[in-house]
Amino acid sequence: MKREVPIIITFLTGFLCVIAFFIPHPPLGDLQQRFLVWYAIVYGFTMVLGLDSLLKYNVKKITQRKEGWQYSYVLLFGLALVLVTGFQSWLKYGTPFELRSSFMYCYIHIIVPLQATMFALLAFFISSAAYRAFRARTFEATLLLVAAAIVMLGRVPIGKMIWSEIPVVSDWLLNIPQLAAKRGIQIGVYLGGVVMSLRIILGIERTYLT
Amino acid sequence: MRILDRLAHIDRRLIFLTIGLAVAIPIIMKLKMPIRISSEVRSAYETIEDLPEGSVVLASIDYDATSAPELTPMFRSFLRQCFRKKLKVVYTGHIAIGLPLAQFDLDMIATECGAVYGVDYINLGYRPGYTAVMIGIGREIRDFFAVDYRGVPVDSFPMMEGIHNYGDIALIVDFAHGLAAEYWIQYVVSRFGVRMFACVTGVMAPTLYPYLQAGQITGIIGGLQGAAEYEVLVGQPESAAFGMPAQSIAHLFILAFIVFGNIGYFISRRKK
Amino acid sequence: MNLLGTWIAAGLTVAILSFLYRDNPFYKFAEHLFVGVSAGYWVIYIWAFDVKPMLIDEFLRQAGVEKWLLIIPAVFGVMMLMRWVPRTAWISRWPISFTVGIAAGLALTAQVQGYIIPQIQATLLPLVSIGKTTSETIARSFNNIMIFVGVVCALLFFYFSREHKGALKVGSKVGIIFLMIGFGASFGYTVMARISLLIGRLTFLLQVFGLR
């Protein structure tokens with residue numbers, strides 16, 4: 001019951017999607033479409049799964065006065081703020097996505113700058129990492145370094161100012177050897193993906209049940 | 001020798017400061033640089049130019065604030081090109097947290113171009129499920145999007161008359177910072193035979209060259225440079241084109257740091 | 001109100017950037033706030049774009065069997081949340097297996113039709129490609145050979161079922177050359193992407209401070 005039923009469900013749904021690819025007509029196509037809609041609904045629930053552990057962890061941190069417990073209040077405040085403004089905007093405008101709503105105000109002035117700046121930090125770290133780690137130790141490492149330098153120059157206007165052929169070389173690198181390397185890697189990855197899908201459908205791969 | 005030694009051991013905070021200034025100063029000085037148009041951006045631009053008036057274009061917003069500086073200018077240029085060509089834009093997405101960002105642009109460019117909501121463009125919002133939604137639209141868009149992002153039935157909008165599945169969509173344009181562009185190509189373009197080009201971040205762009213060469217997509221607009229090229233082609237250079245001098249100078253400094261690092265490495269190797 | 005919002009955004013931007021100096025309370029504040037608001041945002045989004053339009057509104061709109069069939073994904077959704085209680089966590093395996101099965105079934109065909117076949121087709125190019133001029137013929141043929149050799153050798157590099165000796169060793173050595181160029185090009189593009197994000201944030205800050 002705990003293992004057999006899930007394996008049967010996986011087999012039936014996976015097999016249906018494969019068959020409906022070849023025979024998209026009713027009833028198989030209709031059944032697949034219904035399953036896809038259900039999938040979208042169920043998938044939504046998976047996205048709030050983490051909320052429970054986030055709440056438990058931070059409440060525990062506050063009650064046990066663990067290091068940095070004050071910041072857990074900030075986290076819970078942020079969560080409450082968005083939930084309150086979300087439902088308040090809903091009541092006021094009939095949707096939280098009205099651009100004048102308090103929910104969108106939080107989105108634009110809190111979420112966007114925080115998220116964007118968090119990733120902008122990477123510009124500094126990638127520069128520092130390049131300085132420290134990018135060494136022409138071997139022939140292969142030198143190739144990597146030279147290819148990176150050509151693309152970095154070829155993809156910005158200053159590259160053409162330095163030497164008019166840099167963008168041409170950069171385009172060639174991207175369109176020929178880079179393409180070949182990516183394709184070689186990806187063919188391997190997707191062959192692996194096909195095998196993994198088959199293993200899942202046939203019930204050989206069961207790690208998702210643990 | 002001492003100077004070279006110092007160059008080889010620069011404090012990381014000095015690197016941070018240099019990169020910060022290398023980006024900030026060109027922005028403050030409002031420097032400008034000429035933009036060269038690459039073939040992959042031109043072919044993306046021409047894909048839209050070749051569409052007849054009234055064609056439906058599906059725009060998928062698969063990015064959020066983490067990549068907005070690269071993708072927002074692309075989306076704005078795309079909207080300008082579509083609205084000028086009198087194309088209909090259906091807008092959806094798979095990154096929930098990014099959708100409102102594009103909604104701001106959509107409203108702004110629509111006002112600028114005189115496009116009307118429900119007549120020239122529509123925002124269907126977000127549905128969880130990624131590939132399931134992509135494939136499901138191939139049968140009937142209303143099975144997933146019976147209402148628009150504000151909960152208004154899509155059948156109440158005149159532009160949605162006759163739009164049911166990919167057979168009614170002339171082109172898909174994906175704005176992506178992750179795997180979404182590849183999903184669109186693999187799950188939709190190949191299965192339903194729709195034309196597509198991708199507007200992606202610099203991180204994702206190299207992954208898409210194999211698809212371009214195989215003819216699965218008609219163009220790639222990659223990174224800030226791609227965005228700047230697209231702005232120039234559409235005839236309205238803005239944030240991407242103005243960002244390119246800062247981008248150029250920052251790249252030069254990073255390359256200089258790599259050279260310094262290598263000098264230090266070779267000096268220390270020789271000492272050993 | 002907008003002015004206040006702009007200053008809040010600028011303050012939070014500076015708080016995150018302060019991490020470049022060292023970890024500090026301002027950064028920690030901004031970081032925790034980010035996690036909290038993001039989680040709240042997801043809840044609103046799932047309600048607004050999933051549960052309400054696809055379950056509740058549909059249930060009210062539909063009639064007959066269609067209406068009652070919606071109970072199944074609703075129950076699956078609730079079963080998914082059973083993961084929150086350790087004793088009932090096993091119940092979530094049913095909806096998980098449903099999603100895993102569909103994802104595997106869709107991926108199986110998509111990866112073959114959408115990647116493997118078209119990409120192999122695009123690799124099998126004519127090794128001598130006649131152009132309008134001799135130099136064009138040479139360039140096109142050279143590029144086609146490069147793509148073919150590059151793809152095959154990159155695949156050989158990842159072939160671990162046999163020891164890399166003889167022809168296989170040569171092939172994998174050539175493969176690594178292509179891979180390094182590929183990784184280098186990707187790195188170059190990645191640097192570009194990261195700097196672009198910084199340009200976006202600094203442009204915002206400079207605008208707030210009236211410097212742009």
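## An arginine with an unusual backbone angle

Let's start with A:Arg65, which is exposed, since 8 other C-beta atoms lie within 10 Å and the cut-off for exposed is 12 or fewer. Keep in mind that this is a predicted model. To find A:Arg65, go to the loop between α3 (49-63) and α4 (69-93) of chain A. Its phi is near 50°, a positive value in a residue that isn't glycine. Most residues other than glycine have a negative phi.

Chain B has a residue to put beside it. B:Tyr130 isn't a glycine either, but has a positive phi of about 40°. It sits in the loop between β3 and α6 of chain B. Is B:Tyr130 buried or exposed? B:Tyr130 is buried, because 20 other C-beta atoms lie within 10 Å, and a residue needs 20 or more to count as buried.

## More stops along chain A

Here's another backbone feature to look for: the peptide bond from A:Pro26 to A:Pro27 is cis, with omega near 0°. Most peptide bonds are trans. A:Pro27 belongs to the loop between α1 (4-22) and α2 (28-46) of chain A.

Further along, A:Leu202 falls in the segment after α9 of chain A. A:Leu202 is partly exposed, because its 14 other C-beta atoms within 10 Å put it between the limits of 12 or fewer for exposed and 20 or more for buried. Try finding A:Gln70 as well: A:Leu202 and A:Gln70 are 132 residues apart in sequence, and their C-alpha atoms are 50 Å apart in space.

You can also look at chain A by domains. The domain assignment gives domain 1 (1-47) and domain 2 (53-133). How far apart are the C-alpha centres of domain 1 and domain 2 of chain A? The answer is 35 Å.

## Where chain A meets chain C

Now for the contact between two chains. On the chain A side, 98 residues are in contact with 93 residues of chain C. The elements of chain A that each supply at least two of these residues are α1, α2, α3, α4, α5, α6 (139-154), α8 (166-175) and α9 (177-201). By class, the side of chain A that touches chain C has 75 nonpolar, 17 polar and six charged residues.

## Two helix pairs to look at

Two packed helices are described by the angle between their axes and the distance between the axes. Take α2(A) and helix α4 (residues 71-81) of chain C: their axes come within 9 Å and cross at roughly 25°. That makes α2(A) roughly parallel to α4(C), because angles under 35 degrees count that way. The crossing of α2(A) and α4(C) is right-handed. From α2(A), the contact uses A:Trp38, A:Ile41, A:Val42, A:Phe45 and A:Thr46, while α4(C) brings residues including C:Phe76, C:Met80 and C:Leu81. The contact of α2(A) with α4(C) counts nine nonpolar, two polar and no charged residues.

The second pair is helix α5 (residues 102-133) of chain A with helix α7 (residues 166-208) of chain C, packed at an angle of about 130° with their axes 8 Å apart. That makes α5(A) oblique to α7(C). Here α5(A) passes α7(C) in a left-handed crossing. Among the residues that meet are A:Phe119, A:Leu122 and A:Ile126 in α5(A), and C:Arg194, C:Leu198 and C:Arg201 in α7(C). Sorted by class, the contact of α5(A) with α7(C) has ten nonpolar, three polar and two charged residues.

## Chain B and its side of things

Chain B contains ten helices and six strands. Its C-alpha atoms fill a box of roughly 75 × 35 × 35 Å along the principal axes. Of the 272 residues in chain B, 58% are buried. And if you take the contacts in chain B with a separation of 6 or more, 75% of them involve residues 24 or more positions apart.

Chain B touches chain C too: 44 residues of chain B are in contact with 35 residues of chain C. The elements of chain B giving two or more residues to this side include α2 (12-29), α4 (68-84), β3 (121-126) and α10 (239-271). How do the residues of the side of chain B that touches chain C divide by class? There are 26 nonpolar, 14 polar and four charged residues.

How values were computed
Residues are numbered from 1 along each chain as its sequence is written. Chains are lettered from A and ligands numbered from 1 in the order in which they are written. This is a predicted model: local features need pLDDT of at least 70, side-chain atom pairs count only at pLDDT 80 or more; totals for chains, interfaces and linings use all residues. Domain bounds come from an automatic or database domain assignment. Two residues are in contact if their C-beta atoms, placed from the backbone, lie within 7 Å. Helices (H or I, at least four residues) and strands (E, at least two) are DSSP runs, numbered from the N terminus. Ala, Val, Leu, Ile, Met, Phe, Trp, Tyr, Cys and Pro count as nonpolar, Asp, Glu, Lys and Arg as charged, and the others, Gly among them, as polar. Axes are lines fitted to C-alpha atoms, for helices over the stretch in contact, and angles run from 0 to 180 degrees between N-to-C directions. Angles under 35 degrees count as roughly parallel, over 145 as roughly antiparallel, 65 to 115 as roughly perpendicular and the rest as oblique. A crossing is left-handed if the near helix is turned anticlockwise from the far one by less than a right angle, and right-handed if clockwise.
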